[in-house]
Amino acid sequence: MTDFTMEKDADGVAVITWDVKSKSMNVMSRDSMVVLDGLIDDALGDAAVKGIVITSGKDSFAGGMDLNVLGTIREEYKDNPAEGLFEFTMNGHKMLRKIERAGMDPKTLKGGKPIAAALPGTALGIGLELPLACHRIFAADNPKAKIGLPEIMVGIFPGAGGTTRLVRKMGAIAASPLLLEGKLNNPAKAKSAGVIDEVVAAEELLSSAKAWVLNATDADIVKPWDQKGYKMPGGAPYHPAGFMNFVGASAMVNGKTMGVYPAAKALLSAVYEGALVPFDTALQIEARWFTHVLMNPSSSAMIRSLFINKEALEKGANRPAVDDQKVKKVGVIGAGMMGAGIALVSALAGIQVVLIDAKQEAADKGKSYTADYMDKGISRKKATPEKKEAVLGLINATTDYAALAGCDLIVEAVFEDVGVKAEVTAKVQAACPDAVFATNTSTLPITELAKASNDAENFIGIHFFSPVDKMMLVEIIKGQKTGPVAVAKALDFVRQIRKTPIVVNDERFFYANRCIIPYINEGIRMVKEGVEPALIENAAKLVGMPLGPLQLTDETSIDLGVKIAKATKAAMGDAYDDAQDEVLFWMFDEGRLGRKSNSGFYAYDDKGKRQGLWDGLAAKYPVADEQPDLTTVQHRLLFAQVLEAVRALEEGVLEDIREGDVGAILGWGFAPWSGGPFSWLDIIGAPYAAERCDQLTAEFGERFTTPALLREMADKTQSFYGRFGKKADAA
């Protein structure tokens, strides 16, 4: 069974259907490209065929290219992978160009066969690049469908002609949100933007495409860029208007990426250089820049973490081998911000929810969070009043624990206090003894909390990140006695609510917080040392962190930082390093609690908008005359995080480096360009990392001491994915 099949009807239309039987959504493989190319040759060479329609046998068109192909090519061309990648890319261009020219005479531009794409649903990546090579794009009127080119999100750019065709079709400025931001549109918006041509009723999709094919003229199938006198919309680079567009685009890209994302720079170069030459030459330029990006270790790391590894974790790569644990009814205890968010995402996934709080007013307020969310969706035409009613109908807001009867999962999201959580645990188990019990906590040890349960095997930690509806990562924490059914139940639940899970073992701060807290602390330490706060913040952003450590402290609140510091010191005693506490506690005593009080490391106006770093900081902690270089500040901030990741692996908190990398990017935004902490260490190499740690330790203290595992790997010149990636490969 091939991924592409063709049927020729009595009217002379050849319908090529894309249907990868082994997958829920079509993806392009090397073999399927060969099959499609052969079918195109067949149809173009058959005198009885008047035109071609390319469609899908699924309710979607395609999810893109199978990016595992790129790794396979690298292996085949070990001595010169760039040659293999370029050749593969150019072969794709030749196939799509064959579709675009459709057998027409190259001089007269006549005699070609019309080719239309009929998209029943979502079309992403090469799933849009293939239609862009066709002469007319029809899409079913499916508001849930997403059409676009999201490659930039995984560290590459559209390299199958999408970059060149979209810019020549729309102009650089109009195409930039789709190319540089990976913006996805529903069919109606894609049509209004000029990406596709027609939106028709689903039942009329194929008939509409066939009718167009049978009635198209020679002029209808010649692309604008193949016509004499073609001019790029908005102007080419040396046109007065185009010049300003390209200058602005360059500034925008560097402003948004801080220069650390190679794909964005390469895309802009491919667009600029391609706009100066004929179309076929532009495709070669695109292929060369695409290959250039693929050879950059950043892109390989991003593809591995944000596409391959993320997808593997979402599909249950580390799920215990137990029966299906799909959640039918979930109890959420605590209707505050976190509990309300958990109730929302559960109901959106079609799960029955019992939302409990001590007071009915609080429970109702928690349910109203879902109502407000749906109202926003309705105002943006992403939801309907009927959908709102259906989602709210799944949530039972109450104070009655008896309503938990029949729940197969309980998620407790009450105040971060061992006593309060123990009291709730007892109440829940009295009302619903057979359910898996999950406690939502970011700091409290799961093994300790499980002591309040009479079934520690079915007790587990689930750490949601706030706000729940926006944050994609969920950290699942196994206590010492947590059993495989509880782990599978948590993983299946996270999959149902369409988030990405990582599973870690129980240790102080688990994984995410144990890595992000040192980042925050290092930034605050530098303030105390007299490092310019603006240097600290900008150094973080210039190395790819979404927020500087001082801004992040303001966002999470300074009083929370004080609370964590006090609790950690109480637990660790003399082993606790309190160097940053002086600054933090002083800010707290000054009443500067962060964004929530409109005062923190940053100053804010009355509406809560940041106005720059607070000048009172320099009065208390004067800026030193001699400042460290940018790289030193960046290394302090990065190594503070990655060394904790290594220690987490060393201590068994992490069991899979894929979870360490994916969790870091999705959980706290660790420099996505790097692919995550372990990928970053592989990029710079273990020997250099160990050497740099020794230097940082000598200059700044024992917290930068090289972990024994990293030292061993440096001595053996090993990489993390070379040593620990075998488990990932086996999975």
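Two strands count as paired here if DSSP finds at least two bridges between them. With that in mind, welcome to a short tour of this predicted model. Ala14 is a handy place to start: its bridge partner in strand S4 is Ile52. From there we can walk across one open sheet of six strands, move on to another of eight strands, and finish with a few individual residues.

**The six-strand sheet**

- The strands of this open sheet follow the order S1-S2-S4-S6-S8-S11, and their pairing is mixed.
- At the edges stand S1 and strand S11 (198–200), each of which pairs on one side only.
- On average, neighbouring strands here are turned by 20° against each other, direction ignored.
- Helix H1 (residues 30–45) packs on the sheet and touches S1, S2 and S4. The direction of helix H1 makes about 15° with that of S1.

**Strand S2 and its partners**

- Strand S2 covers residues 13–18 and is mostly covered, with five of its six residues buried.
- On one hand, S2 pairs with strand S1 (residues 4–8) in the antiparallel sense, over five bridges. Within this pairing, Met6 has Ile16 in S2 as its bridge partner.
- S1 and S2 make a hairpin, with four residues between them. In the turn, Gly12 has a positive phi of about 95°.
- On the other hand, S2 runs parallel to strand S4 (residues 51–56), and six bridges join the two. The Ala14 and Ile52 pair mentioned at the start belongs to S2 and S4.
- Strand S4 is in turn joined by three bridges to strand S6 (residues 115–119), and these two also run parallel. Ile52 stands opposite Ile115 in S6.
- As a general reminder, strands of a sheet pair through backbone hydrogen bonds, either parallel or antiparallel.

**The eight-strand sheet**

- Here the order is S14-S13-S12-S15-S16-S17-S18-S19, in an open sheet with mixed pairing.
- Strand S14 (395–398) and strand S19 (500–505) are at the edges; each has a single partner strand, so one side of each is left without a neighbour in the sheet.
- The average turn between neighbouring strands of this sheet is 25°, direction ignored.
- Strand S12 (residues 329–333) pairs with strand S13 (residues 352–356) in the parallel sense, over five bridges. Lys329 has Gln352 in S13 as its bridge partner.

**Val322, in a loop**

- Val322 sits in the loop between helix H12 (297–314) and S12.
- With a relative accessible area of 25%, Val322 is partly exposed, because that value falls between the 20% cut-off for buried and the 50% cut-off for exposed.
- Leaving aside neighbours within four places in sequence, Val322 is in contact with Pro484, Val485 and Ala488.
- Glu590 is 268 residues away from Val322 in sequence, and the two are 54 Å apart in space, C-alpha to C-alpha.

**Arg165, under cover**

- Arg165 belongs to helix H5 (residues 162–170).
- This arginine is buried, with a relative accessible area of 1%.
- Not counting residues up to four places away in sequence, Arg165 touches several residues, including Glu100, Trp225 and Phe279.

**A nonpolar patch on the surface**

- Met258, Leu542 and Leu630 form a nonpolar patch on the surface, and together they have about 220 Å² of accessible area.
- Met258 is placed in the loop between helix H9 (240–257) and helix H10 (262–274).
- At 35% relative accessibility, Met258 counts as partly exposed.

Notes
Residues numbered from 1 in each chain as written. Predicted model: local features only at pLDDT ≥ 70, side-chain atom pairs only at ≥ 80, totals over all residues. Heavy atoms only, no water. Patch = residues over 30% accessible without salt bridge, like charges linked within 9 Å, V, L, I, M, F, W, Y side chains within 5 Å. Areas by Shrake-Rupley, 256 points an atom, 1.4 Å probe, with all protein chains shown as cover. Salt bridge = Lys/Arg side-chain N within 4 Å of Asp/Glu carboxyl O. Buried < 20%, exposed > 50% of the residue type's maximum accessible area, 1.4 Å probe, protein only. Contact = heavy atoms within 4.5 Å. Axes fitted to C-alpha atoms, helices over the stretch in contact; angles between N-to-C directions.
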